[in-house]
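Let's take a stroll through a protein chain, one piece at a time. Have a look at the picture first, and then we'll go through it together.

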Amino acid sequence: MSQYWSPAVRELTPYVPGEQPRERVIKLNTNENPYPPAPGVSEALRNYAVDHLRLYPDPTSLALRETLADTYGVSVAETFVGNGSDEVLAFAFQAFFCHGAPLDVPSITYSFYPVYANLYGVELRKHPLNNQWEVDLDALANDSERSGVIFANPNAPTGHAHSLESIEALLKRVADRVVLIDEAYVDFGAESTVALVERYPNLLVTGTFSKSRSLAGLRLGYAIGSPELIEGLQRVKDSFNSYPVDSLASVVGIEALKDTQHFNACRDNVITTRERTRQRLEGLGFEVLPSKANFLLAQHPDFAGAQLFAGLRERGILVRHFNTNLLNNFLRISIGTDDEMDSFIEALESLSG
Ligand code: PMP
């Protein structure tokens with residue numbers, strides 16, 4: 001605590017990311033992709049003319065946004081890019097949610113939202129998940145005075161995803177404020193709401209290159225929404241730094257977007273391994289929530305989450321354990337390669353046997 005900090009920073013409970021260890025471990029704790037980025041990424045890095053780094057990047061990130069627009073079937077004016085979707089989310093909080101009214105959010109969702117809410121003085125109105133561990137869209141849309149609605153679809157860390165129809169019903173009910181749908185994990189089997197952007201000017205979809213495009217180290221995220229929402233984000237961003245993402249990230253991001261074949265192959269592998277892992281966990285007596293993401297949330301009736309977490313850690317396997325009442329017994333397990341998941345299951349067998 002420092003006398004120099006502003007009250008908001010004094011009150012802030014910062015987000016604590018999963019650890020990034022130095023020693024070799026099996027890392028199933030931060031939902032990274034176990035497969036390398038598209039081959040074109042290495043080639044682009046090898047061929048990059050280093051002299052470009054002398055110059056500032058294009059302030060509009062046009063080339064990257066054009067490729068993003070092509071990939072998602074939208075216009076460039078409907079795209080925005082930033083340093084990871086976390087940064088895009090921060091801009092969105094500042095641009096759309098500081099109205100003085102509460103922001104509607106599920107009680108269990110991405111834990112960065114409360115951090116931004118704290119920082120930017122936004123009150124959260126938390127709605128419990130339903131008894132299937134699903135985001136309760138009806139409850140989210142029920143109140144009237146609000147600054148907006150935010151949730152992740154698939155939700156994190158539960159993995160459940162709602163259909164386009166259910167989300168469209170919510171959008172119809174919340175027409176006066178921004179509905180932000182965080183699609184960080186959408187590529188692992190859920191439907192993207194980008195298809196609804198044309199019809200709902202209040203819909204902002206955020207996405208990331210960190211998961212399905214294997215580029216978490218690059219820090220590249222995006223938003224897709226109506227030109228008026230994109231302009232709102234742009235206004236906030238320009239007030240911080242008129243250069244959105246660095247030149248290298250643009251070049252690499254474009255290559256990652258262009259390689260559909262690599263993208264599909266990695267996604268299919270992750271989905272197959274996820275379902276295989278689910279079966280094996282269920283075989284060990286775990287309750288595993290249905291997941292459309294690159295992770296599973298699972299708990300065992302006889303073993304505490306904290307105990308399993310510690311036992312796995314001792315065996316060089318990192319998973320995520322949340323120290324919250326609501327999720328205390330659960331482990332969130334990112335999907336790695338088949339070999340990694342075999343080692344994970346073997347370690348669990350030795351712990352629970
Ligand atoms: N949204 C959700 C739901 C996430 O789990 C994450 C990753 N922790 C992010 C956004 C942020 O991803 P990034 O900043 O790497 O794009």
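Two strands count as paired if DSSP finds at least two bridges between them. Helices (H or I, at least four residues) and strands (E, at least two) are DSSP runs, numbered from the N terminus. What you see is a predicted model, where local features need pLDDT of at least 70 and side-chain atom pairs count only at pLDDT 80 or more, while totals for chains, interfaces and linings use all residues. Residues are numbered from 1 along each chain as its sequence is written.

**A small open sheet**

With those terms in hand, here's an example: Glu287 has Gln299, in S10, as its bridge partner. Helix H10 (residues 260–283) packs on the sheet and touches S9 and S10, and its direction makes about 10° with that of S10. Touching here is about contacts (C-beta atoms, placed from the backbone, within 7 Å). The angle is between N-to-C directions and runs from 0 to 180 degrees, using axes fitted to C-alpha atoms, for helices over the stretch in contact.

The sheet itself is open, with three strands in the order S9-S10-S12 and antiparallel pairing. Strand S9 (287–288) and strand S12 (331–334) are at the edges with a single partner strand each, so one side of each has no neighbour in the sheet.

**Strand S8 and its partners**

Now for strand S8 (residues 221–225). Is it buried or exposed? Five of its five residues are buried, so S8 is largely enclosed by the rest of the structure. Buried means that 20 or more other C-beta atoms, placed from the backbone, lie within 10 Å of the residue's own. Gly221, Ala223 and Gly225 point one way from S8, and Tyr222 and Ile224 point the other way.

Here are some strand pairs and their bridges:

| Strand pair | Sense | Bridges |
|---|---|---|
| S2 (residues 79–82) and S8 | antiparallel | four bridges |
| S7 (residues 203–208) and S8 | antiparallel | five bridges |
| S9 and S10 (residues 295–299) | antiparallel | two bridges |

Within S8, Ile224 is the bridge partner of Thr79, and Ala223 is the bridge partner of Thr206.

**The whole chain**

Zooming out, the chain has 12 helices and 12 strands. Its C-alpha trace spans about 55 × 55 × 50 Å along its principal axes. Buried residues make up 44% of the 353 residues. Among contacts between residues at least 6 apart in sequence, 72% join residues at least 24 apart.

How values were computed: Two residues are in contact if their C-beta atoms, placed from the backbone, lie within 7 Å. A residue is buried if 20 or more other C-beta atoms lie within 10 Å of its own, exposed if 12 or fewer, and partly exposed in between; C-beta atoms are placed from the backbone.
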